[in-house]
Amino acid sequence: MQQGKFPLFKWPWESLHSYKYYLYVPLALMAAHEIRFGGKHNDYWFVYVLIISLLRYVIYQSWHFYSRADFLSKRQQIHLFTTDFDQIDREFHWDNYIIFQAWVATLGYCIFPGLSNLPIWNYRGLISVLLLHMGPTELLYYCIHRSFHRGSLFENYHSLHHTSTRPEPSTAGTTSFLEQLVMVSLMAIPIFGVLLMGEGFIGMFFVYFLGFDFMKFMIHSNVEVVPLWLFRTFPSLKYLLVTPSYHHVHHTKLNSNYCLFMPLYDYLGGTLNQEAFNLHFNMRCQGQKRRAPDIVFLCHGVDFTGLAHIPYCLRTFATGPCSSKWYVWLLMPLIWLGFLGWQWTNTHVISRYTIGEFNQETWALPRLAFQFLLPFGKDKINKLIEEAILEADRMGVKVIALGGLVKNEVLNGGGQLFVNKHPNLHIRVGHGNTLTTAVLLHELPHDVDEVFLTGSTSKIGKAIALYLCRKRVRVLMLTTSFERFKAVRNQAPAEYQQYLEHVSKYEAGRFCKTWIIGKWAVYKDQMWAPSGTRFYQFTLPMIIEFRKDCTYGNSSALKLPDTAKGVNGCEHKMPRRVIHACHAGGLIHALEGYEHHEVGAIDVDRLDIVWEAAMKHGLRPVSQSKIQ
């Protein structure tokens, strides 16, 4: 059944998508006019409307951060499974109600003269607002909400809100337009009631709307934050204050706990489920015991924009490839402050998902890429990596995969340093470069007969050269050191050494249309490639795409199988459900139950073995072309 075809289900501006935020422009212009020339009654109504709207976003973001940040809320998270892209896309327009209520407030100001010249504060008015909310608003909400759980009202309207079985703060605002019309009417009762009593004041709009959102986001946060001592000290308070556990039972059972913020009405209506109180007790006393992950992918931040791309930061931004969005630049001062605070944190979980029976977690090392290049930071970074490996080993993790610069050869020998230092590790440490190499090789066209290879004596470059020469592919190995080239060539079987050729200048690749880049190539280097060249890459960071007449490959990556559940963020610039090959290498290491550490040099004989294992477990290349 398609809900969108029913009257008042869709929002009036639904077709605008992200352009809906232009609806704030007229309000901003009117607010600017008030600041410059004064309002209609020498007040600042539109300024207040915009400030309240902004603070509502701040409250939402605060609850989102707290509910997603494992290092803050791990033990109090009620649902253990994570959201997926479907839920995030469905809840993209969670803030429609903020835009709508801002315009309702604007129209109200234009229609009702009683909204002008209000005092800033009135204690009697505050008490009246609370009493009117606790009385008629709560009672009417309970009755109407209960009716929305019956028949066509639920199927055609309210079921949208309950499609998300694991609530998040954004779930709170995900409703049909009809439900928001009802909610606005109920919220208007305390406001207009106080105005009719002559006790209205500007502060009541801030207190009521911001307090309302605080409670609404809290009960949908999936984190039990209400302390147990509060109900032990004041037992009757459990009928006056809703908890996330209480609302969690409503979302799972659907036939009880209909109240807004006061369980008293469920008690009076006979719909109070006592399981909610037991759940609250257990969550606060014991918390959730989550099974240790089987696989950990240890990564690091890339740049300052990437900090906002962490799923517990900007939720929607994290669901697409990382890019320089205009609103991220506006937030850059906050990102800088976050970066400074991040330096004092420990390695922590930033995302998780399941693949079959295996639990995966991504841990972030609190460092950005440029910090790995600072000579004075090497020991500290290695210490953080070592602590993460030992913590994962203590937890019983099977495999920890090192991503990005965490496995830098100069830093720690691709993880060899830690394996040598701790020979009795139960956990398997892997750099994932075997699968990274295999993915790149299988992206090459099946009829390739010559490649130009830079970074040819690096770990991955050497493996590529040794593999391709066995396929009788001529490899032009760019290196200034003939001795290093000779060392690589001597590792190839005698009958295939003829396919490895030493070159020392980029000019040598001017007739080759297949370039494999393992070392940063600047503009003048790339200009030696003939028109139509395809650049394959295993360098970090990726080279700048100077040539418009050539094509550029991305980092080696694989698409997760359909059995992967709870994926809700993108890895840096990767598309949805696509992960770096070194990350996938850790998955295969655990899924196949390999007992060796994957550190040090790449075993060329295992390239096809690891590739076939990845295909067996349902991972798929982003590009389907491959070398035969």
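A residue is called buried when its relative accessible area is under 20%. By that cut-off T319, at 5% relative accessibility, is buried. This residue offers a convenient point of entry into the structure, which is a predicted model.

Before T319 is considered further, the overall frame may be set out. The protein contains 25 helices and 15 strands. Its C-alpha atoms fill a box of roughly 95 × 55 × 50 Å along the principal axes. The protein has 628 residues, of which 55% count as buried. About 28600 Å² of area is exposed, and carbon and sulfur atoms supply 61% of that area. Among contacts with a separation of 6 or more, 70% join residues that are 24 or more positions apart.

T319 illustrates such links across the sequence. The residue is situated in the loop that runs between helix 14 (304-308) and helix 15. Leaving aside residues up to four places away in sequence, T319 touches F85, I88, N568, C570 and R576. H572 is 253 residues from T319 in sequence, yet the two C-alpha atoms are 9.9 Å apart in space. T319 also has a partner a few positions back in the chain: a polar atom of its side chain lies 2.5 Å from the backbone oxygen of T316.

C570, one of the residues touched by T319, leads to the matter of the cysteines. A disulfide is a covalent bond between the sulfur atoms of two cysteines. How many disulfides does the model hold? The count comes to zero, where the rule requires two cysteine sulfur atoms within 2.5 Å. For C322, the closest cysteine sulfur belongs to C570 and is 9.8 Å away, so the pair is too far apart for a bond. C550 is likewise in no disulfide, its nearest cysteine sulfur being that of C512, at 12 Å. Are these two cysteines buried or exposed? C322 counts as buried, because its relative accessibility is 4%. C550 is buried as well, with a relative accessible area of 9%.

The region that follows T319 brings the reader to the surface. W326, L330, L331, L334, L337 and L340 make a nonpolar surface patch of about 690 Å². Two helices, helix 15 (326-330) and helix 16 (332-342), each supply at least two residues of this patch. Which helix gives the largest share? Helix 16 does, with three residues. One residue of helix 16 is L340. A patch residue must have over 30% relative accessible area, and L340 is partly exposed at 47%.

Two loop residues complete the tour through an aspect of the backbone. N117 has a phi near 55 degrees, a positive value in a residue other than glycine. The loop that holds N117 connects helix 5 (96-111) and helix 6 (123-147). With 56% relative accessibility, N117 counts as exposed. L254 also has a positive phi without being glycine, with a value near 70 degrees. L254 belongs to the loop between helix 11 (244-253) and helix 12 (264-269). Its relative accessible area is 32%, and L254 is therefore partly exposed.

Conventions:
Residues numbered from 1 in each chain as written. Predicted model: local features only at pLDDT ≥ 70, side-chain atom pairs only at ≥ 80, totals over all residues. Heavy atoms only, no water. Patch = residues over 30% accessible without salt bridge, like charges linked within 9 Å, V, L, I, M, F, W, Y side chains within 5 Å. Areas by Shrake-Rupley, 256 points an atom, 1.4 Å probe, with all protein chains shown as cover. Salt bridge = Lys/Arg side-chain N within 4 Å of Asp/Glu carboxyl O. Helix = DSSP H or I, 4+ residues; strand = E, 2+ residues; numbered from the N terminus. Buried < 20%, exposed > 50% of the residue type's maximum accessible area, 1.4 Å probe, protein only. Contact = heavy atoms within 4.5 Å. Polar contact = N/O pair within 3.5 Å; in protein donor to acceptor, adjacent residues only side chain to side chain.
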